[in-house]
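Work through these exercises with the model open beside you. Try each task before reading its solution.

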Amino acid sequence: MNDRAGKIQLGIGAIVAAVLFVAVVIPNFVSAPSNVPNVILSPRFWPNAIALFTGLTGIGLLLTALRHPEDERETPVDVDHRGMALLRLSGVAMVMLATVYAMPRLGLVWTTMVAFIAVAFLVRTHHPVSAVISAVAIPLLLYAFFAHVAGVAIPQGEIVRLP
Amino acid sequence: MSIVDSMLAGLALVANFESFLALGAGVAIGVIGGAIPGLSATMAVALTLPFTFAMSPITGILLLLGVYKGGVFGGSIPAILIKTPGSPASSATVIDGYPMAENGQAGKALGMALWASCTADLISNLSLILFAGWLASFALSFGPPEFFALILFSLTIIAGVSGDSLLKGALSAMLGLMLATVGLDLVYGTNRFTFGNPNMMGGLNFIAVLIGLFAIPEIIAMVWNPKAHDGNTRSLGRNWVTFQDYRKCFRSIVRGSFIGVFLGSIPGIGAAPSAFLSYSEARRKSPNRENFGKGEIEGVAASEAGNNGVAGATLIPLLALGVPGDVITAIIMGAFMVHGLQPGPMMFVLNVDIIYGLFIGLIVSSVFLFAIGSIAIRGFKYVADIPRGVLLPAVLVLCIFGVYAVNNNLFDVGVMFAMGWVGFVMLRYEVPAAPFLIAFILGPLLEDNFRQAMLMSGSNPVILFRGPITWFFWALTTITVVAIARAGLRASRGSVLAGDPK
């Protein structure tokens with residue numbers, strides 16, 4: 001992807017988002033009382049104004065990209081194997097999703113230990129032993145601070161409970 | 001309350017072991033955070049923020065200010081030793097700092113960086129003390145139309161100068177403004193984009209959005225392309241900076257400090273342009289100008305003075321007007337709000353003891369920076385050796401605990417992850433994140449002042465141009481847009497004429 005293609009994608013994205021907001025999202029998900037004396041004071045005015053400016057910015061980006069077809073600056077290739085990189089990205093997305101779902105059941109400490117190891121594996125750490133030691137020690141230390149010093153009720157889960 | 005009474009009230013607030021310990025710890029965390037390539041001062045401040053919840057407001061804010069000050073200096077250590085700036089602000093330091101390190105004068109370069117940083121920091125703090133109160137007393141006469149015009153100007157300049165394209169910056173700001181509308185309407189109390197979820201009625205949590213935007217994308221980016229940091233640390237050499245060197249560079253340091261103060265007090269400019277401007281001015285005025293770029297100590301002094309001169313001055317618009325000057329001050333503004341304080345002119349009336357307490361703390365921070373910085377220079381080898389494959393998973397765990405601790409709410413962790421992906425996409429498309437975050441913070445304020453102005457005038461928009469103050473800000477906004485658009489056009493035309501794709 002080059003800079004021009006990026007601007008075109010951003011421009012189209014912004015225009016589509018603006019249209020969706022004005023036509024679908026704002027009318028359905030922003031409640032406005034029927035007795036608002038002036039449209040400017042309505043709760044819908046501000047989101048509509050932002051959507052309008054987003055659309056205009058999108059048009060601006062699109063025009064800028066189309067006006068300079070010569071601007072084909074290539075974004076430097078930053079990964080050797082794109083397929084593997086995408087696989088790793090899906091992996092980290094799964095880790096995040098699993099973290100959100102596991103936290104109430106396993107507790108914050110155990111979940112973050114697993115998440116630590118999973119992310120260390122995904123970034124292909126050269127120090128697996130340090131990673132495992134840190135994966136156990138860091139969540140425990142943070143638990144000790146937040147639960148016993150800051151007085152935050154850290155979710156403990158249903159399996160192993162910490163003091 | 002007289003100024004002496006205010007100072008004594010401030011002193012009473014900070015003259016305790018806890019405050020100074022927080023300040024010292026903050027500087028140490030900042031130096032370490034800034035010195036680790038890939039962590040940056042911004043991330044260090046963001047990650048420290050959750051630890052301040054259990055502290056008193058003044059202690060917590062002093063801790064963050066310490067991290068900020070330490071982080072700005074810390075960035076210069078890897079810039080000099082391994083040619084990797086810890087933050088963009090330290091990029092100018094590489095130009096002469098790294099050649100000095102290659103010539104076996106790393107210790108001398110780091111010593112000068114520290115001396116210049118501390119001097120600039122002190123000048124910047126004194127400027128803050130001198131100008132913030134004056135600006136705040138002036139801002140007390142601002143009404144909603146004036147605040148609306150001021151915030152609009154700040155957003156325009158931040159959107160314009162944060163990235164390489166005004167339009168990308170504007171898009172980022174629009175996304176931030178839209179996200180800020182989530183929650184209950186400010187006037188009517190009706191739902192906006194809450195999708196029936198009670199967790200969203202109070203709006204999205206600022207810290208979840210902040211950490212999601214700035215820390216999580218770094219982790220995702222490392223997963224996308226895991227490459228171990230391959231820089232090698234080098235010995236500091238036997239050559240140390242002397243008072244004679246400092247005296248030789250003093251003019252450049254003072255000049256750079258004032259450049260930093262001036263640029264730092266304008267919201268959005270930030271430390272990197274200040275460092276480069278200070279460096280180029282020093283080169284222009286120096287008798288050794290041909291040695292610049294080859295390891296000239298004055299170059300290191302000027303660039304470090306330029307970027308540290310910004311550190312106190314960015315607090316001028318924050319404390320006096322309630323408008324953050326950059327991302328780090330936006331985070332610090334969030335800390336004020338978490339502790340129930342609203343920065344701005346009224347703070348000089350309602351919480352003058354906290355203001356003066358912060359001023360005293362800031363002056364002391366320059367001394368701490370000198371002491372802790374001297375130790376950090378020698379200890380950098382250990383900091384640089386932390387493998388990124390262990391560091392970034394640790395940052396993830398820290399983010400999860402920190403974000404959860406704000407409201408004891410697991411929903412915020414989900415928001416953080418979602419924002420992390422938004423931040424990663426923005427990173428890939430080179431859309432700057434700073435306008436997003438600052439628009440997210442200032443959005444409710446902008447809308448609130450707009451609607452108050454409309455209520456005052458019976459929905460007549462002419463009120464937004466009601467007097468010299470609003471004219472002044474509208475004129476600045478127009479000039480900013482025209483100047484940035486012209487610069488962008490000229491740059492793209494130049495690259496096309498030169499046949500060199502930009």
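The exercises below use a predicted model and cover an interface, two buried residues, salt bridges and a pair of domains.

**Exercise 1. Describe the contact between chain B and chain A, starting with how many residues each chain gives.**

Step 1. Count the residues. Chain B contributes 65 residues and chain A contributes 78 residues.

Step 2. Take the area. About 6400 Å² is buried between chain B and chain A, and 78% of it lies on carbon and sulfur atoms. In chain B, the most area is lost to chain A by Val223(B), Trp224(B) and Phe401(B). Together they account for 12% of what that side buries.

Step 3. Look for polar links. Zero salt bridges are counted between chain B and chain A. Residue pairs in polar contact number 10, with both partners at pLDDT 80 or more.

Step 4. Map the chain B side to its elements. Those giving two or more residues include helix 9 (166-180), helix 11 (216-224) and strand 2 (191-192). Helix 19 of chain B gives the most, with 12 residues.

Step 5. Sort by class. The side of chain B that touches chain A holds 46 nonpolar, 10 polar and nine charged residues.

**Exercise 2. Place Ser76(B) and Val300(B): in which helix is Ser76(B) found, and in which is Val300(B)?**

Step 1. Assign the helices. Ser76(B) belongs to helix 5 (residues 76-82) of chain B. Val300(B) belongs to helix 14 (residues 297-313) of chain B.

Step 2. Apply the accessibility cut-off. Buried means under 20% relative accessible area. Ser76(B) has 0% relative accessibility, so Ser76(B) counts as buried. Val300(B) also has 0%, so Val300(B) counts as buried.

Step 3. List the neighbours, leaving out residues up to four places away in sequence. Ser76(B) touches Ser90(B), Thr93(B), Leu110(B), Ala113(B) and Glu304(B). Val300(B) has contacts that include Ile80(B), Thr93(B), Asp96(B), Met100(B) and Ala113(B). Thr93(B) and Ala113(B) thus appear in both lists.

Step 4. Check the sequence separation. Val300(B) and Ala79(B) are 221 residues apart along the chain, yet their C-alpha atoms are separated by 10 Å.

**Exercise 3. Which parts of chain B does the salt bridge of Lys69(B) and Asp121(B) tie together? Treat two further pairs likewise.**

Step 1. Start with the total. Over all chains, the count is 10 salt bridges.

Step 2. Take Lys69(B) and Asp121(B). Their side chains meet at 2.9 Å, N to O. Lys69(B) lies in helix 4 (residues 57-74) of chain B and Asp121(B) in helix 7 (residues 106-139) of chain B, so the pair ties together parts 52 residues apart in sequence. Both residues are buried.

Step 3. Take Lys248(B) and Glu296(B). Their salt bridge spans 3.8 Å, N to O. Lys248(B) sits in helix 12 (residues 243-264) of chain B, and Glu296(B) in the loop between helix 13 (271-285) and helix 14 of chain B, so parts 48 residues apart in sequence are tied together. Lys248(B) is partly exposed at 45% relative accessibility, whereas Glu296(B) is buried at 4%.

Step 4. Take Arg451(B) and Glu447(B). The closest N and O atoms of this salt bridge are 2.9 Å apart. The two residues are four apart in helix 21 of chain B, so about one helical turn separates them. Both are buried.

Step 5. Extend the last pair. Arg451(B) and Glu447(B) join Asp185(B) and Arg192(B) in a network of salt bridges.

**Exercise 4. What separation do the centres of domain 1 and domain 2 of chain A have?**

Step 1. Set the bounds. The domain assignment gives domain 1 (3-67) and domain 2 (82-149) of chain A.

Step 2. Read the separation. Taken over C-alpha atoms, the two centres are 37 Å apart.

Note on methods: Residues numbered from 1 in each chain as written. Chains lettered and ligands numbered in written order. Predicted model: local features only at pLDDT ≥ 70, side-chain atom pairs only at ≥ 80, totals over all residues. Heavy atoms only, no water. Contact = heavy atoms within 4.5 Å. Buried area = accessible area lost by both parts, 1.4 Å probe. Salt bridge = Lys/Arg side-chain N within 4 Å of Asp/Glu carboxyl O. Polar contact = N/O pair within 3.5 Å; in protein donor to acceptor, adjacent residues only side chain to side chain. Nonpolar A, V, L, I, M, F, W, Y, C, P; charged D, E, K, R; others polar. Domains from an automatic or database assignment. Buried < 20%, exposed > 50% of the residue type's maximum accessible area, 1.4 Å probe, protein only.
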